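Me: I would like to go through this model by question and answer. Please reason briefly and finish each reply on the value or name I ask for.

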Amino acid sequence: MAEILTLDEIAGRAVGGKAEGLARLRAMGLRIPATLVLEGASPGKLPVDLEARIAELGPGPLAVRSSAIGEDGAGASFAGQYETVLDVDGHAALREAIERCLASVQSSRAAAYRESRDAAPGDAQMSIVLQRMVAARASGVCFTADPVTNRRGRLVLDSVAGLGEALVSGHASPDHDEWRRSDRCWEPRQLAGERPVLTEQERDRIATEAREAEAAAAEPLDLEWALDQDGTLYWLQARPITTLGLDPQVLDTPAIQDRDVYTRCNIGEMMPGAVSPLTFATCARGIDVGWQDNMIAVGVRTGRSPENVYVGMSHGHLFINLSEGARFASAVTGSSPDEQSLAICGRLVPEVVAPEAPPLWVRLPRAARQIWSVVRAQPHIRRMERLVREGEIPVGADAHETWTHVDAALEGLYESYARHLTVSSGAGALAPILLRVLAGKGDPSPEHHAAVSHLLSGADGVESADIAAGARRLLEALERTGAPDAFSGWEVSDAVAWLDGQDSGEAGRVYADYIARHGHRSLRELDVRQPEWAHDPSPLIRSLQSQLRARRENPGSEPTQGQLRPAPPAGLGRLAWLAPVAHAAVRNRERSKSLVVATTVHFKRAYRALAAQLVGERRLVDDDALFFLLHDELGVLAQAAPGHRLANEAVHRRELLVYQERLRFPEVSVGLPEPDSAPVVESGERVVVGKPVSRGCVEGRVRVVRALAEAEALQTGEILVAAITDVGWTPYFAIIAGLVTDVGSAVSHGAVVAREYGLPAVLNTGNATVVLETGDRVRLDGDRGVVEILQRRSGGAG
């Protein structure tokens with residue numbers, strides 16, 4: 001029987017997502033419009049007391065909203081698939097609106113959506129929310145996490161004047177605001193018009209109440225709200241954010257202190273881009289523990305911290321905590337943080353402030369221990385060589401036994417990093433000291449940097465220099481041996497097989513010697529996911545092939561050998577006597593770097609063996625997934641039954657890395673680093689710029705559709721370009737490869753459904769239907785909000 005319920009009476013009743021969300025909002029203490037719920041109705045069968053009960057809501061027009069079972073859930077939003085009728089006035093209009101909502105459960109678009117989400121037809125049971133209309137001065141949507149980037153550290157607020165229906169339907173572009181949890185500040189406003197829709201106080205109030213709702217719900221929420229003419233805030237709807245993926249900050253390290261200063265300098269050169277979780281757990285943790293152990297050795301710390309203190313991570317990228325370095329320097333030598341800034345960043349970083357140094361009698365013994373350790377580089381290097389010789393990690397009978405061996409070997413890795421940091425600090429300290437001598441109290445000039453670079457260069461016997469020199473010897477041996485003309489075009493495996501065989505002669509011997517010397521090296525060589533050249537020589541072989549082709553195509557074009565070093569820059573004479581000391585420090589640093597890489601290779605090999613065992617034991621989907629779990633998580637997985645949640649977590653983290661790799665950061669950040677905003681790209685004849693609302697990048701042919709009736713021409717894999725897309729377009733989302741519109745926002749129905757389908761989408765371009773033509777080939781970048789024309793349909797390149 002159809003029945004009208006108050007929100008107090010719906011507990012335990014199957015009244016659908018909207019009604020349940022409103023009840024939760026009211027239970028949280030948030031203001032909602034007067035509301036009743038119609039349960040159990042069907043077309044033509046409405047309660048006889050409908051008009052009498054509606055009077056309880058007070059005078060004025062009503063909003064009649066669907067509230068279906070499964071709607072507004074965490075797995076599927078059903079955004080816009082069912083009917084909502086606003087400004088309903090009078091009994092006849094009320095009954096008609098209810099009938100429309102009830103009938104919408106059987107609409108073709110809703111049926112297509114349910115099929116796409118694997119929802120059974122029986123799930124489509126409809127209740128109706130009857131709600132007093134808010135005479136809205138402003139309305140909008142608030143996401144307590146960014147639905148596009150999945151960042152839980154962002155709150156997203158979109159606002160329009162008047163009713164919010166134009167916003168969620170995609171017919172209006174909103175003011176856009178983002179609030180950062182890290183420093184509790186708003187990003188610069190993005191206005192749709194000349195004046196903001198909301199005052200700063202209204203914006204703050206909406207964000208505060210939305211965060212309260214999120215805390216009470218214990219999950220990120222998608223909330224609709226309205227401000228009436230008096231500025232009273234009403235909440236109209238609350239639901240979980242659908243398709244919210246892993247937070248790109250899921251493994252971020254906490255800041256040691258709120259105002260700590262971080263930099264990508266130095267560590268960003270060693271490890272450019274984002275890193276896998278296992279690299280963070282080995283390389284980054286190794287550097288940090290090595291740093292802490294050195295602090296313990298000189299008497300600044302009493303024990304290790306379980307959290308990283310020197311190497312931080314944000315959005316998968318590694319950073320050095322300059323403030324922590326300044327605290328260490330102050331505690332040991334009482335020195336200014338400027339020397340550290342010069343050594344790491346090559347410039348002064350005024351944001352770094354050192355604490356007051358302890359008394360001299362405290363610092364003297366610490367400084368003595370530090371200096372004694374740094375000047376004794378050779379004992380450290382000999383110990384690191386022993387760690388490499390004795391560091392092979394055995395493979396166990398099963399995954400858990402292998403993981404246990406790796407776990408036991410970690411202390412050797414930490415020791416290697418600690419000794420490398422000590423040895424390299426000798427060369428590292430020279431550069432800022434020399435720059436300070438040359439520059440005095442000011443910032444070093446390019447000439448000063450050139451002078452110091454000249455002094456530090458030219459050392460004999462530097463191991464890293466032989467990597468390039470050895471590759472050249474190998475290239476020359478290939479030419480002397482008369483490598484087959486086909487060598488430069490062979491597959492890598494065929495080229496390696498020839499070099500390993502007897503026919504390669506001298507070239508094969510030089511190659512074998514090169515791999516013996518430098519086979520532990522690679523690009524991003526401290527990244528455990530990156531195979532060393534001995535395991536995968538592809539980068540080396542491709543480089544040789546490319547150089548051979550260039551030499552044969554352009555004989556005599558190779559660089560001249562044996563060139564003299566450039567003359568020393570002016571002003572270096574008074575420091576020239578330091579050259580032997582500087583060269584020794586450089587040799588030691590490069591040797592210790594090679595040794596820490598060689599130690600890391602033992603872990604690369606052991607982790608590859610562990611990956612094969614975990615896959616064989618059906619605990620991982622593939623070998624590469626291993627690198628997307630932390631070391632301790634691998635220990636849990638190695639003992640778990642197949643199907644453990646961590647196996648799925650690894651796959652999702654790998655997908656996340658694609659997004660993290662695209663992020664760029666400022667050189668220096670106060671507080672945990674936040675990514676730079678995407679560079680502003682101006683629209684033009686070959687570029688269309690809009691708002692990124694659904695992540696991903698795709699290339700394909702454009703289909704410009706100016707009316708829904710024209711959508712029948714859409715072909716599978718085409719990119720749909722339209723002025724707007726309301727809910728009627730939903731069935732076509734199953735065949736398109738991407739979406740571009742002139743109008744819309746991250747909260748419109750088209751954006752919500754695009755994210756659920758995993759479609760890259762750029763909305764609110766303003767001119768896509770004018771600039772783009774059916775048949776154009778484009779690259780749609782849903783991360784940056786850019787559509788680039790690669791080829792016009794006429795054949796002209798973009």
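Me: Why do α20 and α21 count as oblique to each other?

Reply: Helices here are DSSP runs of H or I with at least four residues, strands are runs of E with at least two, and both are numbered from the N terminus. Axes are lines fitted to C-alpha atoms, for helices over the stretch in contact, with angles from 0 to 180 degrees between N-to-C directions. Under 35 degrees counts as roughly parallel, over 145 as roughly antiparallel, 65 to 115 as roughly perpendicular, and the rest as oblique. The axes of α20 (residues 631-639) and α21 (residues 645-661) come within 10 Å, and they cross at roughly 140°, so the two helices are oblique to each other.

Me: Which residues of α21 are met by residues of α20?

Reply: Contact means heavy atoms within 4.5 Å. The contact of α20 with α21 has four nonpolar, no polar and two charged residues; Ala, Val, Leu, Ile, Met, Phe, Trp, Tyr, Cys and Pro count as nonpolar, Asp, Glu, Lys and Arg as charged, and the others, Gly among them, as polar. From α20 come E633, V636 and L637, and in α21 they meet L646, A647 and R653.

Me: What kind of model is this?

Reply: Residues are numbered from 1 along each chain as its sequence is written, and side-chain values use heavy atoms, with hydrogens and water left out. Local features need pLDDT of at least 70, side-chain atom pairs count only at pLDDT 80 or more, and totals for chains, interfaces and linings use all residues, for the model is predicted.

Me: What percentage of the 798 residues of the protein count as buried?

Reply: The protein has 23 helices and 23 strands. Buried means under 20% relative accessible area, exposed over 50%, and partly exposed in between (1.4 Å probe, protein chains only). Of the 798 residues, the buried share is 53%.

Me: How many salt bridges does a search of the whole structure find?

Reply: Side chains of opposite charge can pair when their charged atoms come close. A salt bridge is a side-chain nitrogen of Lys or Arg within 4 Å of a carboxyl oxygen of Asp or Glu. One network of them links R151, R154, E178, R180, D183, E187 and E674. The search of the whole structure gives a count of 50.

Me: Which residue meets D776 in a salt bridge?

Reply: D776 counts as buried at 0% relative accessibility. The partner of D776 is partly exposed, with a relative accessible area of 21%. The two side chains meet at 2.7 Å, N to O. D776 is in the loop between α23 (768-771) and β22, and 16 residues away, in the segment after β23 (786-791), is R792.

Me: How many residues apart are R777 and E699?

Reply: R777 and E699 form a salt bridge, with 3.8 Å between the closest N and O atoms. R777 is partly exposed at 30%, and E699 is partly exposed at 37%. R777 is in strand β22 (residues 777-781) and E699 in strand β18 (residues 697-705), and their separation in residues is 78.

Me: Which residue joins the side chain of E209 in a polar contact?

Reply: E209 is in helix α6 (residues 200-217) and counts as buried at 18% relative accessibility. Leaving aside neighbours within four places in sequence, E209 is in contact with L30, L233 and W235. A polar contact is a pair of N or O atoms within 3.5 Å; within protein, one must be able to donate a hydrogen and the other to accept it, and residues adjacent in sequence count only if both atoms are side-chain atoms. At 2.7 Å, the side chain that joins E209 is that of W235.

Me: The backbone oxygen of which residue lies 2.7 Å from a polar atom of the side chain of S67?

Reply: S67 is in strand β3 (residues 62-68) and is buried, with a relative accessible area of 0%. Beyond four places in sequence, S67 touches several residues, including G16, K18, Q125 and M126. The backbone oxygen at 2.7 Å from the side chain of S67 belongs to V15.

Me: What is the phi of R184?

Reply: Most residues other than glycine have a negative phi, and most peptide bonds are trans. R184 is in the loop between β8 (175-180) and β9 (185-186), and R184 counts as exposed at 60% relative accessibility. Although R184 is not a glycine, its phi is positive, at about 55°.
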